[in-house]
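Got your viewer open and a selection tool ready? Let's take a short walk through this fold, one selection at a time.

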Amino acid sequence: MNKGLQIRDALGSPGMGRVVRALVHRLPEMGGAPIRLERVRGLRDSRGPIHAGSFLRERRIAFDCTGAEFPRIFVHELFHFVWLRLGNPGRHAWEELLHAEWRGAAKGELGWSAEWRKGALGRNDVAGRSRAWRLYCCESFCDTAAWMYSGVSEHAEFTLAANLRRARRRWFLATIESRDLSI
Ligand SMILES: [Zn+2]
């Protein structure tokens, strides 16, 4: 149930509008200025084609993905806005959870965006909390949110062990769902 989240749907499709409304309903309570959704063909970043991009200051999300992948990608991108406003205590608590996983040599993730970044981390990144480590933490947060709230229960990119998924779910329940999020 979500009453505070304001989405300006400019995707240009009634079918997608229904999907967006259903997804908003599944999300934890959050509020803030409106976020605009739009479709852009041929999205890419410096590494190549991408499915979506969030423009945090402009408060818009551009999509270039299939309808099947849209729910996970929408929640992932929206949680980039949540991460930005989460505050240092919340972000550090999430880092601690991931650090414990790392110490336990945990394999897998809940999305490719986090998984490739995790695979590229070295010991010094983790020990020194490098930029690569902090980007991994952010992407892992957004991928975990997508796993929690997109309604997609199985996906080839959900490779994290079941006990660690449960720990992440508990963290989201305790830390994200216990407050009024502002985005
Ligand atoms: Zn991301």
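Start with helix α3 and pick out W94, E95, L98 and E101: these are its buried residues. Keep in mind that you are looking at a predicted model. Now turn the view to look down the axis of α3: the buried residues fall within an arc of 110°, so they line one face of the helix. The spacing is a familiar one, because an α-helix has 3.6 residues a turn and residues three or four places apart point the same way.

What does that buried set pack against? Select α6 (131-149) and α7 (162-176), the partners of the buried residues of α3. Then swing round to the other side of α3, where N88, P89, E96, A100 and R103 are exposed.

Next, show α3 from end to end, residues 88-103. Its 16 residues reach 22 Å from the first C-alpha to the last, close to the 22 Å expected at 1.5 Å a residue. Step just past the helix to A105, which takes a positive phi of about 55°.

Time for the sheet. Colour its 4 strands in the order β1-β3-β7-β6; the sheet is open and its pairing is mixed. The edge strands, each pairing on one side only, are β1 (7-10) and β6 (52-55). From one strand to the next, the twist averages 15°.

Zoom in on β6 and β7 (residues 60-63), which pair in the antiparallel sense over 4 bridges. Here you can find F55 opposite R60 in β7.

Finally, add helix α2 (residues 70-85), lying across β3 (35-39), β6 and β7. Helix α2 runs at about 25° to β6.

How values were computed. Residues numbered from 1 in each chain as written. Predicted model: local features only at pLDDT ≥ 70, side-chain atom pairs only at ≥ 80, totals over all residues. Pairing = 2+ DSSP bridges. Helix = DSSP H or I, 4+ residues; strand = E, 2+ residues; numbered from the N terminus. Axes fitted to C-alpha atoms, helices over the stretch in contact; angles between N-to-C directions. Contact = placed C-beta atoms within 7 Å. Expected span 1.5 Å × (residues − 1). Buried ≥ 20, exposed ≤ 12 C-beta atoms within 10 Å, placed from the backbone. Arc of directions from axis to C-beta.
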